[in-house]
Every structure is written in C-alpha cells, then in structure tokens.
Amino acid sequence: MIEARHLRVLRAVAGTGSFSAAARELGCTQPAVSQQMKALEQSAGTPLLIRTGREMRLTQAGEALVRHAAGILAGLTAAEEEVAAIAGLRAGRVRLVSFPSGSSTLVPTALAAMRAAHPGTRISLVEAEPPRSVEMLREGDCDVALAFRYAGDGAGSGAGAAEWEDLVVTPLLTDRLVGLVPEGHRLAGAERVGMAELADEPWIAGCPRCRRHLVEVCEGVGFTPRIDFATDDYPAVVGLVGAGLGVAVLPELAVESVRAKGVSALAVEPAVEREIVALTLPDLARVPAVAATLGELVRAAAR
C-alpha cells in the first residue's frame, strides 16, 4: 500500500533532484529519505528512480506516480482540513427529528443557541413521533431524535427501558399531562380533576402512543374512554375542546405551544407524566456537532 508520507518524499526528490536536497526541504535526514524511497519502491513493485552518480532521474513509473501524487496529496489535505473543521465545530451537519410539541418549544431555543455559538454547523429538522423517530435514528436517517415515553410504559406497549437500551439517552425533562375542558364545562375553573370524574365525557385523543396511554390510564381508574375524535395535531385537539366537542389530556409542552383559546386547563389525578429525552447512537455521541446539539437541548429544557 502506498502511503501519503512516501508520496511527499517522492515529490520532494523529484522537485529537488537529490536525496540530500529533499531531506533539507522536508526537515529530515538523508538516510530517512533514502529509507522511505526504498519502502515506496517496494510498495509500487517497480523502480521509481534511476540513480547515476549524483544525478537522479524518474523512471516512467516514477513520473506517473509524481503526476498522480499532486492530486492525491491535495485531496488528502482538503479532507484533513474538512475533518478538522468538523471536529472544531467550524463545519458539519446534524439531522434532528422531533415530535411536534418538542419542535415548537425545546428545539427553537436549542437551534438558535447552536447557530449563535457554531454558525458553520448546519442543522436540519423533520418531525416524527416515536417510535418512528427512533426507527429513523437506527436506520441512519437522523443523528439526534427527540422522543418521549410515559411512566409505566412496558414491553407490552413497545416502550420502556429495553426500547432504547442500545442508544445514548440524554434526559431533558419530565412533562406532566394536564386536563382540558371547554370554558363552559361544569369543571372549568377547578384546580384539579380526577380522571374518573370524566368517565362519561366524550374524548379527543392525540397521537397513537398518547391515545394508547390515555386508554390505559382511564382503564386503570375504572372506565374505558369514549373517543369521538383522534388527531395528531395539538391545535386541532385544543380547537375541538374549545368548541365543546369533548375533553382531552395533553402534555404541558403541547399546551405551551398552542394558543389555548376557549378551554380551561386543570391538573389531573392520578398524575400522568412522560419523560422527554434526546436519543443518539453511541458512535454519533462522540461527534462534536452532535454532542454540542445535545448540550443545547439540555440547556433549553432547563429554562
């Protein structure tokens, strides 16, 4: 295998015409130049120099190698500079996927901080709910995934600790769910409400994972919710509740990201919480731009 350091020596010898002059140019000894040229000829499998006394000429193979060496070394230098820029956060790319309420609350603050601190790092964003976002991470379609899981999620629901055991998990915050009722509802203005008090109400449910968890929580207190509407769009949930078409529970992050018009928010009992995390692969966690993005997400969640 031809090594880049040997190509640099060959170019120096070709340019100066002697081992001693090449050694001076490279800042090494003449025996070192001679040794590296022998190693290069062994790798090439053919002579590269013709030595006649003090005169030194390239063979046809040597001329070909010198001709290609310029492009090879230039490409290698460019690659080294690009890698150094990425390592130093002067360049690079991070592909982020987030669920909608994270996209509208945590992500903007984190990305604004990244752009201010590392303007050369480009960050893209697409939206997906878990488990699809986690699948995208494992499939190589993103570098960081914002995801959530509910307290008590288990293997039977496809969540739980085992779901992420091969990933680097960065905890961000605990997000409590709040109840939403129309402003004219009998419970509007109450500080808190038991889930069982909403047993006879029509329900508006959210994303599939949230919907499944809603059913589990309601069944845990003795009733199965009558779900009249289901939508992944949080503003639509709030709009349906505000129009008097039912009640809902939404994460505080979602309520924070929506103009909650015509609804009353109240704490629910038993308390329902979900853990918000940032996920990445172990190898990606060592990439400087990914590590910096995770750090900014942690800081955004702490605000």
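**A buried threonine and the packing around helices 1 and 4**

Threonine 170 is buried, with a relative accessible area of 16%. The model described here is a predicted one, and this threonine is a handy place to start looking at it. The value of 16% counts as buried because the cut-off for that class is under 20% relative accessible area. Threonine 170 belongs to strand 6, which covers residues 168–182. When neighbours within four places in sequence are left aside, the contacts of threonine 170 are with Val277, Ala278, Leu294 and Val298.

Attention now turns to helix 4. This helix runs over residues 60–87, 28 residues in all. From its first C-alpha to its last, helix 4 reaches 40 Å, close to the 40 Å expected at 1.5 Å a residue. Even so, helix 4 has a kink of about 30 degrees, centred on alanine 69. Alanine 69 is also one of the buried residues of this helix, alongside Gly62, Leu65, Val66, Leu73 and Ala85. The packing partners of these buried residues are helix 1 (4–16), helix 3 (30–44) and strand 2 (55–58). Just after helix 4 comes leucine 89, with a positive phi of about 60 degrees.

The pairing of helix 1 with helix 4 can be followed residue by residue. Two packed helices are described by the angle between their axes and the distance between the axes. For helix 1 and helix 4, the angle is about 125 degrees and the axes lie 9 Å apart. Helix 1 is therefore oblique to helix 4, and the crossing is left-handed. On the helix 1 side, the contact is made by Ala4, Leu7, Arg8, Leu10, Arg11 and Ala14. Helix 4 contributes Gly62, Leu65, Val66, Ala69, Ala70, Ile72, Leu73 and Leu76. Alanine 69, on which the kink is centred, thus takes part in the contact with helix 1.

Helix 1 also packs against helix 2, formed by residues 19–26. Here the angle is about 120 degrees, and the two axes are 8 Å apart, so helix 1 is oblique to helix 2. This crossing is right-handed. Helix 1 makes the contact through Arg8, Val9, Ala12, Val13 and Thr16. The residues of helix 2 that meet them are Phe19, Ala21, Ala22, Glu25 and Leu26. Arg8 is worth a look in the structure, as it appears in the contact with helix 2 and in the contact with helix 4.

Definitions and conventions
Residues are numbered from 1 along each chain as its sequence is written. This is a predicted model: local features need pLDDT of at least 70, side-chain atom pairs count only at pLDDT 80 or more; totals for chains, interfaces and linings use all residues. Side-chain values use heavy atoms; hydrogens and water are left out. Helices (H or I, at least four residues) and strands (E, at least two) are DSSP runs, numbered from the N terminus. The expected span of a helix is 1.5 Å times one less than its number of residues. The bend at a residue is the angle between axes fitted to the seven residues ending there and the seven starting there. Buried means under 20% relative accessible area, exposed over 50%, partly exposed in between (1.4 Å probe, protein chains only). Contact means heavy atoms within 4.5 Å. Axes are lines fitted to C-alpha atoms, for helices over the stretch in contact, and angles run from 0 to 180 degrees between N-to-C directions. Angles under 35 degrees count as roughly parallel, over 145 as roughly antiparallel, 65 to 115 as roughly perpendicular and the rest as oblique. A crossing is left-handed if the near helix is turned anticlockwise from the far one by less than a right angle, and right-handed if clockwise.
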